[in-house]
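Grab a pencil and work through these short exercises on the structure below. Each task comes with a worked solution.

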Amino acid sequence: MAESTETVADLAIDLSDVRKVYRGGVEALRGIKMDARRGEVFGLLGPNGAGKSTLVKIMLTVVRATKASGTILGSPIGTKSVLGKVGYLPEKHRFPEYLTGRQAIEFAGAMCRVPRATCRARTDELLELVGMVDWADRKVSMYSKGMMQRVGIAAAMVNDPELVVLDEPTDGVDPLGRRDIRDVLVRIREQGVCVFLNSHLLSELEMVCDRVAILVQGRVAAQGTIDELTRESRRYEITLGGEPPPWCSEGDLRVDTDLEGRSVLVAPKVEVDGLQTLIDRLRKDEIDIASIRPVRESLEDLFMRYVKDPRTGRHLPPGAERKTPPTAGSPRP
Amino acid sequence: MKQTLAILLDGYRELNHRKLFWLVLVLSGLVVVAFAAVGNDEEGLTFFHWSIPFPFVSTAMIPKADFYKIVFSQFGLGLWLSFAATIVALISTASIIPDFVDRGSIDLMLSKPIGRVRLFFTKFASGLLFAGLQVTVFTVAAFFVIGLRAGDWEPWLFVSIPLFLLFYSYLFSVQAVVGLLTRSVIASIIVVFLFWGALFLVQSGDNLTLMWRVTQEIVTERKEERIETFQVRTLEAEDLRSDLSLRASAGDEEAEEALAEAERDADIRVARLLRMKEEQEEDLRVLGIATEVNFWFHLANTMLPKTGETVSLLERILRDRAGLVIPVGDEDNTQRQFGAMVGPRDFDERMRKELGESHSVTWTIGTSLIFELVVLAFGAWWFSRRDY
């Protein structure tokens, strides 16, 4: 649930317990607790079958939750009226081929009850924003995948939403287009809108997301800013010019060897002032310092860490688990 | 309202995109041209400026305006719109619901601030646009043809628009729900045509068994009357025999001579009366079967939508409200029906009475609408519970 420093009004998404059991007992979501704030880009990560799409679809009322405690823009999950303030780009979305790009955007606006004149003006603005002005009046059947994504993003924003949920928005988009989309996302965020991103492209998420959540087998394995999540893995690596002194193995310190055979003093959980102390000690022992490098775990490393089974060291199998009825005497989860 | 209009506009764009829609519209135009080309005069049938001597349809038999109304009702609506055009329409609109619930499309719709039930019904209504536009264009054109050719501007013709829409909606409701359940265009086409065929069989069965029952009732009643008459004559013959027998035993020679003839006549009559009573028992048994079979067919027909009967209501409405007179055959003629001879007027009167009682307008439309509502309610319930 929301932290005490935040008010409910700050939160665009505030989920406390979302569960989904599909027919046949497949448990797709097992008590999701997650929050995303207004004015931030929130990334949802997870391997295939982790339940990301199910979660997004529950928020958008496309899938009915088995249990859903929480709010979207302050209204309980499943409230239809609140969807007028939400923009959504589904994964592999398909506009009817008989529509032009402009008609597709205007149709999305009409479905969100945007007044006609406003809708038209906003459509023009959005077509400009996503770079589709020249193609606006052609049938979507003539569009490339990237063009479809651009129009899809415009359609998701036509109602001037307070929350935008984008499922794989850069899927099929070329590098230039991806950069354009990232710029668009940043601009939306600056308007105080919460952007909820579901993507497999971790490097892209890392570039734009303020906070992320990692979903593994229907549960939130980790949630926070990338900085918070990688704090434990932050370290300094000091490449030494000579043999390391004996104290380099004290406490958390350790010595590795780099590819050139040089000793590297690894100092985890050390802040800038602690680093100065280390440098002073090395200088005092007349050890040459070849380089000092701050190291942080990438989002990919973080992701891989969470999708690995700590007991076996192997990747957790993708997909949701089948719910089995508890047997007599077995502990309840 | 904005959302409803947007979905209907989208439905129109979808139709506009389909070539079959325009094909049917062009064919409807040709049917109207053909409709305008035919007519009747004192001689018989006319086609453009040619006159074909066919007195049965001459203006002496059918007034010009009535001729057009009958042609419109029986051929324009009954054959073209509610048969040929409907087949094309059902093929053309079969993909509306499967496309709507296809992955990628349905997410976009369900994530909007509109309830699923309303969404389903609005999408269903947009599917009826095909039929609605076709029948409207056709009826308006026919209205002008009848007005210009026969000088009769008959507003009751426009009843055909709601009637045809009702007829089409019965079938489209089944097609839509099958499309929703299976997400398959082919399945929805196959099922709706099988369903239509089944409806035809049930409706025909209901009508035929009703005709059988009515015929059997007429036959039974007539035989009843004949038996009663014959019974009186047989009693008279037996009385005569008794009388002659008494007189003969008293020595009346004349009576003695006539007695043999009277005994033979009385015996023949008694034997014939017995045969007639046996036949009557058989007729009553057949009437019982006809009544029971008709009951089950009528029950099935009551539970199902009445496609043919709904379209036929136009003729009934034009007859009742617009003074349409449909020519009938000679009153005195008899015709063989179900192996019995019945007078057509007698039969027609009884059939009309039976139809009025058991196949009223309220029954035809009311029970059909109940079926459609049940089907659509099931579809809406399914749609609102399903995950996509």
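Buried means under 20% relative accessible area, exposed over 50%, and partly exposed in between (1.4 Å probe, protein chains only). This is a predicted model, where local features need pLDDT of at least 70, side-chain atom pairs count only at pLDDT 80 or more, and totals for chains, interfaces and linings use all residues. Residues are numbered from 1 along each chain as its sequence is written, chains are lettered from A and ligands numbered from 1 in the order in which they are written, and side-chain values use heavy atoms, with hydrogens and water left out.

**Exercise 1.** Work out what share of chain B is buried, and how its spread compares with a compact globule.

Step 1: of the 388 residues in chain B, 47% are buried.
Step 2: the radius of gyration (over C-alpha atoms; globule rule 2.2 Å times the number of residues to the power 0.38) is 30 Å for chain B, against near 21 Å for a compact globule of 388 residues.
Step 3: along the principal axes, the C-alpha atoms of chain B fill a box of roughly 110 × 60 × 30 Å.

**Exercise 2.** Classify the ring pair B:Phe100 and B:Phe383, and place both residues.

Step 1: rings of Phe, Tyr and Trp (its six-membered ring) pair if their centres lie within 6.5 Å; planes under 30 degrees apart are stacked, over 60 edge-to-face, the rest tilted.
Step 2: over all chains, that rule gives 28 aromatic pairs.
Step 3: the centres of B:Phe100 and B:Phe383 are 5.7 Å apart with planes at 35°, so this pair is tilted.
Step 4: helices are DSSP runs (H or I, at least four residues), numbered from the N terminus; B:Phe100 sits in helix H4 (residues 96-100) of chain B and B:Phe383 in helix H13 (residues 361-385) of chain B, 283 residues apart.
Step 5: B:Phe100 and B:Phe383 are both buried.

Technical notes. Helix = DSSP H or I, 4+ residues; strand = E, 2+ residues; numbered from the N terminus.
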